[in-house]
Amino acid sequence: MRVLVTGGAGFIGSHVVEALTASGHEPVVFDVRADPAADVRDPEAVARALAGVDAVCHQAAMVGLGTGFGDAAEYVSRNDLGTAVLLAAMAGAGVRHLVLAGSMVVYGEGRYACPRDGVVRPGPRAVADLEAGRFEPRCPVCGAELAPGLVGEDAPADPRNVYATTKLAQEHLAAAWARSTGGSAVSLRYHNVYGPRMPRDTPYAGVASFFRSALARGEAPRVFEDGRQRRDFVHVRDVAAANVAALRAGSAPGALTAYNTGSGEPHTVGEMARALADAHGGPAPVVTAEYRLGDVRHITADSSRLRAELGWKPEVGFAEGMREFAACR
Ligand SMILES: NC(=O)c1ccc[n+]([C@@H]2O[C@H](COP(=O)([O-])OP(=O)(O)OC[C@H]3O[C@@H](n4cnc5c(N)ncnc54)[C@H](O)[C@@H]3O)[C@@H](O)[C@H]2O)c1
Ligand SMILES: [Zn+2]
């Protein structure tokens with residue numbers, strides 16, 4: 001298959017390109033950072049790039065939590081206008097297969113269980129609670145402590161920041177495109193992706209990258225909150241393999257199918273910092289009680305649908321992946 005990879009010069013996109021080549025496909029890179037530079041918001045550039053293409057892996061986006069509300073318009077422009085221009089060009093060119101880089105951020109705080117009230121969905125955490133070091137969300141009904149549960153793909157969306165909102169809108173646009181054209185769309189809702197070529201030293205980078213940069217400077221990784229916030233760190237080669245699996249399997253025409261894409265093995269941010277620090281030979285992480293508004297406490301989703309329906313399974317374990325990541329440049 002000839003596959004257009006938007007964002008193909010980026011962290012995940014470049015691994016998708018490698019994985020496609022390794023499985024006998026023909027990837028075509030489309031990226032503002034590539035040579036020649038190509039912007040998904042440019043209808044003519046997209047139409048030209050779609051010639052002879054069978055499927056699109058749409059990874060191009062502005063990522064991360066950002067630095068405040070000031071960049072909201074830029075997120076919407078790159079992520080949602082960009083996706084709309086791409087989908088319109090696909091509709092015109094008769095390209096009917098899309099794999100979208102989705103994100104876990106669409107779920108917000110996700111699913112929790114209260115000992116009294118059962119499954120509840122806590123709202124955003126209050127500044128006063130975060131300031132006082134009360135990081136765990138409480139039951140919205142009775143205030144009790146909650147246990148994080150596994151979020152399935154059918155959980156209601158609850159985006160908590162601009163980036164999350166744009167990632168959800170991308171899915172809605174892709175679903176509308178699929179209904180209108182009979183195309184098939186898959187959204188792979190990535191968890192925290194890490195591995196070689198992860199962006200570094202930008203406010204938009206992921207937490208594993210911040211920690212590794214600190215260690216490289218000889219500084220301790222600074223772990224926010226109490227370090228017990230849970231994430232699912234999934235290796236970038238496994239994410240790339242999920243893209244290839246989604247292209248191979250296809251999906252129901254006329255609809256968008258979403259798959260949580262994680263290792264299935266949640267770890268705390270503190271554990272991740274320790275694993276990187278150990279692999280690097282120190283210094284040991286410090287837990288700072290700092291916080292970022294818009295961060296959710298735990299992200300623990302259930303990635304079993306992807307395993308069951310697409311026959312994918314992660315190959316890179318946490319300890320091995322973090323050792324490799326600590327060592328790579
Ligand atoms: N890294 C993660 O943990 C993570 C988690 C969930 C979802 N995602 C999604 O995965 C995708 C890839 O993210 P990444 O981590 O590789 O980030 P990245 O910044 O390394 O890659 C994004 C690429 O898109 C390109 N790009 C941005 N705007 C563009 C535009 N208008 N036209 C053409 N190219 C453009 C950038 O130049 C960059 O190369 C994104 O859609 C992101 O939302 C990433
Ligand atoms: Zn309760």
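Visitor: In S6, what is the bridge partner of tyrosine 112?
Guide: This is a predicted model. Strand S5 covers residues 112-114 and is joined to S6 by three bridges, with the two strands running antiparallel. In S6, tyrosine 112 has as its bridge partner valine 120.

Visitor: Which strands are the edge strands of the open sheet that contains S5?
Guide: The sheet is made of three strands in the order S6-S5-S7, and the pairing is antiparallel. Strands of a sheet pair through backbone hydrogen bonds, either parallel or antiparallel. Pairing on one side only marks the edge strands, S6 (118-120) and S7 (147-148).

Visitor: Is strand S8 mostly covered or mostly exposed?
Guide: S8 spans residues 184-190. Ser184, Val186, Leu188 and Tyr190 point one way from the strand, while Ala185, Ser187 and Arg189 point the other way, and all are buried. With seven of its seven residues buried, S8 is mostly covered.

Visitor: Which residue of S13 stands opposite leucine 188?
Guide: S8 pairs with S4 in the parallel sense over seven bridges, and in that pairing leucine 188 is the bridge partner of alanine 101. Seven bridges also join S8 to strand S13 (residues 255-261), again running parallel. In S13, the residue opposite leucine 188 is tyrosine 259.

Visitor: How many residues surround ligand 1, and which are the closest?
Guide: By class, the shell has 14 nonpolar, seven polar and six charged residues. In total, ligand 1 is surrounded by 27 residues, and the closest are Phe11, Ile12, Asp31, Tyr163 and Lys167.

Visitor: What distance separates a backbone N or O atom of isoleucine 12 from an oxygen atom of ligand 1?
Guide: Backbone atoms of several residues approach the ligand. A polar backbone atom of valine 40 is 3.0 Å from a nitrogen atom of ligand 1, and one of glutamine 59 is 2.9 Å from an oxygen atom of the ligand. For isoleucine 12, the distance from a backbone N or O atom to a ligand oxygen atom is 2.8 Å.

Visitor: How much of the accessible area of ligand 1 does the protein cover, after polar backbone atoms such as that of glutamine 59 are placed at 2.9 Å?
Guide: An oxygen atom of the ligand lies 2.9 Å from a polar backbone atom of glutamine 59. On its own, ligand 1 has 810 Å² of accessible area, and the share covered by the protein is 92%.

Visitor: Which element gives the largest share of the shell around ligand 1?
Guide: Ligand 1 has 92% of its accessible area covered by the protein. Two or more residues of the shell come from each of helix H1 (11-22), strand S4 (97-103), helix H5 (162-181) and strand S9 (192-194). The largest share, three residues, comes from S4.

Visitor: Which residues does the UniProt domain annotation cover?
Guide: The record is an unreviewed entry, and its annotation reads "domain: NAD-dependent epimerase/dehydratase". One part of the annotated range, residues 3-116, is 36% helix and 20% strand, with its end C-alpha atoms 50 Å apart. According to the UniProt annotation, the domain covers residues 3-116 and 153-260.

Visitor: What is omega for the cis peptide bond that joins glycine 282 to proline 283?
Guide: A cis peptide bond also joins aspartate 35 and proline 36, with omega about 0 degrees; proline 36 is in the loop between strand S2 (26-30) and helix H2 (43-49). Proline 283 has its place in the loop between helix H8 (269-280) and S15. For the bond from glycine 282 to proline 283, omega is near -5 degrees.

Visitor: Why does arginine 197 count as partly exposed?
Guide: Arginine 197 lies in the loop between S9 and helix H6 (207-216), and has a positive phi of about 75 degrees although it is not a glycine. Partly exposed residues fall between 20% and 50% relative accessible area. Arginine 197 counts as partly exposed because its relative accessibility is 40%.

Visitor: Is glutamate 225 buried or exposed?
Guide: Glutamate 225 lies in the loop between strand S10 (222-223) and strand S11 (230-231). Its phi is positive, about 55 degrees, although the residue is not a glycine. Since its relative accessibility is 3%, glutamate 225 counts as buried.

Definitions and conventions
Residues numbered from 1 in each chain as written. Chains lettered and ligands numbered in written order. Predicted model: local features only at pLDDT ≥ 70, side-chain atom pairs only at ≥ 80, totals over all residues. Heavy atoms only, no water. Near = heavy atom within 4 Å. Polar contact = N/O pair within 3.5 Å; in protein donor to acceptor, adjacent residues only side chain to side chain. Areas by Shrake-Rupley, 256 points an atom, 1.4 Å probe, with all protein chains shown as cover. Helix = DSSP H or I, 4+ residues; strand = E, 2+ residues; numbered from the N terminus. Nonpolar A, V, L, I, M, F, W, Y, C, P; charged D, E, K, R; others polar. Pairing = 2+ DSSP bridges. UniProt positions renumbered as here; feature names shortened; annotations may be inferred. Buried < 20%, exposed > 50% of the residue type's maximum accessible area, 1.4 Å probe, protein only.
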